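Hi,

As promised, here is the structure for you to open in your viewer. My notes are below it, so you can follow them with the coordinates on screen.

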Amino acid sequence: VSQQLKEEIRRGFAGLEDPLAGLLDILESSTDWKGKGHSLGYYITSELQLWMKEHPAVQQSGMKLKKLQTRVLRILAQCPANLLDPLISIYQLHTADRNYLLGHVSHLYHRGDYKEAAILSIKLKLQPDQDVEKMCMPLLFQDKINLMEDYVGEYPELQCKLVQILDTWCEPGFNIRDIARQYQGLSRYKPDKLNRKMLSKLVFRLLDRFNVDPALCPNVINQRHLRTLNYLFYKRFVEKTMTQENWTDHVQSTVGENQWLQGHLIQLLISYCDLNTAARWAQRCNLPKEILPNGVADELQKLKIQESVEEATKAENYEEINKKDYYQLPIPRANIHFLQKWEEMLQCWEKVLQPGQIVAIDMEWRPSFGMVGKPRVSLLQIAVKDEVFLLDLPQLLEQAEMEGEKEKLPHFIQMLYSDAAITKLGYGMSGDLSSLAATCFALKGMDKQSQGVVDLLTVDKQVRVNIRKVEQSHEDKGIRQPEKGLSLLVQHVLGKPLDKTEQLSNWEKRPLREEQIIYAASDAYCLLEIYEKLCKDPTSFGLNSDLTKSLVGKPTIKARAKKQLNKQEVPSPCGQQCKESEKETSRPPAPISAKEFSVVCDNMLQGLGRYLRCLGVDVRMLENEDDHRKAAEIARQEGRVILTSGLPYQTLQSQVGEGRCFSVNCSEKAKEQALQVLKHFNVQVTLEDIFSRCQ
């Protein structure tokens, strides 16, 4: 606004007998302020607010002020959002009679102006005197979820009530449409969109945002645990990628003492196993015979009481994995050190924090099975030549806090990541760093301080492009490639894949089993061997002879510029120095070819997935019956970007690294969605890419 206009407005106020009434006259007779953006009415209102600070005598009180407040309330019901705060301040609406304000909001509500009623209630802090269900439900039906969250944002009691209401809607047999009929004038209401699955995800989002006690919503918690049970059965009996011990551990922690879940467990065991196995679990859960299916109850009658479940599981015949077919850790068991005390950390400190050292880093945490929030790291693996250190992070942090030295461990980790003279190897490190920050607040923002970081996910992308023709010829012959992510890179570079059967272990449980210790050490140490082999002979894997250019020149989306190889010289294991990169990484995402770009599309975006595949993009798509969390699992294992839409975005983005989950506008057609994705990630499509993946 020009200075001349400001001065003109102020002269106008000075010439009025009652500037407050004068502003209302202007707004009531004006039409321009009803549009979007900053109108003349907005500038006049803002200037009056500033002018009144210099001329406090113009402020009104008593009956005169009440009349002005009555007039301004009529304007508030239809004015743009940017006028609300100035008008509420100028006319002291916080001092107005509370019952009068509540009556005005109620009038808006019964007129069908639910959004306006909620916004005004928030601005005037009327929520404690209102019915949270009555105010929030129309907002939910109109897909104004953010406004609904803002409504309860400052009131923990209302947050709990809202979560409980939504949870009751998730009860089996509850008909949401019966509630919707109570509200008049509902615009944008899509009954098919508002289903139990969507409500369940919304409840978890609210639990996470407001830190509400999950015990308040038993329905959605039970449904989530039931989905976890189904997922565990799929991993154990269909994919066969989970050991019996891991599976048993997770099943026990999932069902707990919940008889409803235990009943579903028995039904699943009948479907996937046999009556004998179901009976043994019924015995373990101490389920009464009356609630068991007839066959299970009869089988339970035959069981000997003294027979332990552990002996029974050993008797079950499952195909044993031939360990020789997998990557073998090339160091003796004595060189794997499990560290739980700070005194034991000193040897790790001395060996790791050496200039010129090459360090491989990996992390493990307990599988969340779709629960919201970032996972907390349970084990930090640090590998150097011939040795691996396994840091029991929860125990070390607890000990340091008890001794009043809680900065000790974060200080060590910060020194390691910020030292450009130490090369840090990882695979998809942005996700690891965000989980590390969620575990220890002192490590928040460490990704911005990291130097000398080499994310081998970058190399993996290029190696996969170069061997894709071989994989496709295998597929034509009916040979399926089961390996994914890091395991696949290990297979390509070192000849054998990683054994991932311990990946879904309960990493919080102590003591760790021997299989877990070997797996954790292998997961980190293999990165050293991959890096060494790639540095010695990059061209045999289709990489640039200057490995630094391969790492920096074409970064993956996950390994963002600030987490890439540092621009300083990075030592290779053979003692040579890789050349310094000539080009600085720029702020926008570096261009990436369609062949190198890999995504997983959520099941509501199958049209987009097909369109991107026609353009040459590496696409995996969820089936209609798949749970959204499968997208996060695929993304983590295979280094893919998640493409999703709506509420699933809130859940999925917390399970992968920053920038690895993108929300697409579901209302647009596949072509417009594809253009949006290609532009956001700077994907370059050539004529050769078109239909290159079509069979």
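Here is what I found, going from the overall make-up to the sheets, a helix pair and the salt bridges.

**Overall make-up**

Please keep in mind that this is a predicted model. The protein has 31 helices and 12 strands. Of its 695 residues, 51% are buried. Looking at contacts with a separation of 6 or more, 68% are between residues 24 or more positions apart.

**The six-stranded sheet**

One open sheet is built from 6 strands in the order 1-4-3-2-5-6, and its pairing is mixed. Its edges are strand 1 (336-339) and strand 6 (453-455); each has a single partner strand, so one side of each has no neighbour in the sheet. From one strand to the next, the twist averages 25°.

Inside this sheet, strand 2 (residues 358-365) and strand 5 (residues 423-426) run parallel and are joined by 3 bridges. If you want a place to zoom in, try Ala360, which stands opposite Leu425 in strand 5.

Two helices lie across strands of this sheet. Helix 19 (residues 342-352) lies across strand 1, strand 2, strand 3 and strand 4, and its direction is at about 135° to strand 4. Helix 22 (residues 429-439) lies across strand 2, strand 3, strand 5 and strand 6, running at about 60° to strand 2.

**The four-stranded sheet**

Another open sheet has 4 strands, ordered 9-8-10-11, and here the pairing is parallel. Strand 9 (618-621) and strand 11 (661-663) are at the edges with a single partner strand each, so each has one side left without a neighbour in the sheet. The twist in this sheet averages 25° from one strand to the next.

Strand 8 (residues 598-601) and strand 10 (residues 641-644) run parallel, with 3 bridges joining them. Cys601 has Leu643 of strand 10 as its bridge partner.

**A crossing helix pair**

How do helix 16 and helix 17 cross? The axes of helix 16 (residues 275-284) and helix 17 (residues 294-302) come within 8 Å, at a crossing angle of roughly 75°. Since angles of 65 to 115 degrees count as roughly perpendicular, that is the label for helix 16 relative to helix 17. On the helix 16 side the contact is made by Leu275, Asn276, Ala278, Ala279, Ala282 and Gln283, and on the helix 17 side by Gly295, Val296, Glu299 and Leu300. By residue class, this contact has 6 nonpolar, 3 polar and 1 charged.

**Salt bridges**

The structure holds 34 salt bridges, and I picked out three for you.

The pair Arg205 and Glu149 has its closest N and O atoms 2.8 Å apart. This salt bridge links distant parts of the chain, with Arg205 in helix 12 (residues 196-210) and Glu149 in helix 9 (residues 145-152), 56 residues apart. Are these two partners buried or exposed? Arg205 has 15% relative accessibility and therefore counts as buried. Glu149, at 2%, counts as buried too.

Glu532 forms a salt bridge with Lys385, and here the closest N and O atoms are 3.7 Å apart. Glu532 belongs to helix 26 (residues 514-536), while Lys385 sits in the loop between strand 3 (377-384) and strand 4 (387-392), so the pair ties together parts 147 residues apart in sequence. Glu532 is partly exposed, with a relative accessible area of 21%, whereas Lys385 is exposed at 53%.

The third pair is Glu515 with Arg513, whose closest N and O atoms are 3.6 Å apart. Glu515 is partly exposed, with a relative accessible area of 44%, while Arg513 counts as buried at 17% relative accessibility.

There is also a network in which salt bridges with shared partners join Glu149, Asp150, Arg205 and Arg209. It takes in the Arg205 and Glu149 pair described above.

**Where to look**

For a quick tour, you could begin at the sheet with strand order 1-4-3-2-5-6, go on to the sheet with strand order 9-8-10-11, and finish at the salt-bridge network of Glu149, Asp150, Arg205 and Arg209.

Best wishes

Note on methods:
Residues are numbered from 1 along each chain as its sequence is written. This is a predicted model: local features need pLDDT of at least 70, side-chain atom pairs count only at pLDDT 80 or more; totals for chains, interfaces and linings use all residues. Side-chain values use heavy atoms; hydrogens and water are left out. Axes are lines fitted to C-alpha atoms, for helices over the stretch in contact, and angles run from 0 to 180 degrees between N-to-C directions. Angles under 35 degrees count as roughly parallel, over 145 as roughly antiparallel, 65 to 115 as roughly perpendicular and the rest as oblique. Contact means heavy atoms within 4.5 Å. Ala, Val, Leu, Ile, Met, Phe, Trp, Tyr, Cys and Pro count as nonpolar, Asp, Glu, Lys and Arg as charged, and the others, Gly among them, as polar. Two strands pair if DSSP finds at least two bridges between them. A salt bridge is a side-chain nitrogen of Lys or Arg within 4 Å of a carboxyl oxygen of Asp or Glu. Buried means under 20% relative accessible area, exposed over 50%, partly exposed in between (1.4 Å probe, protein chains only).
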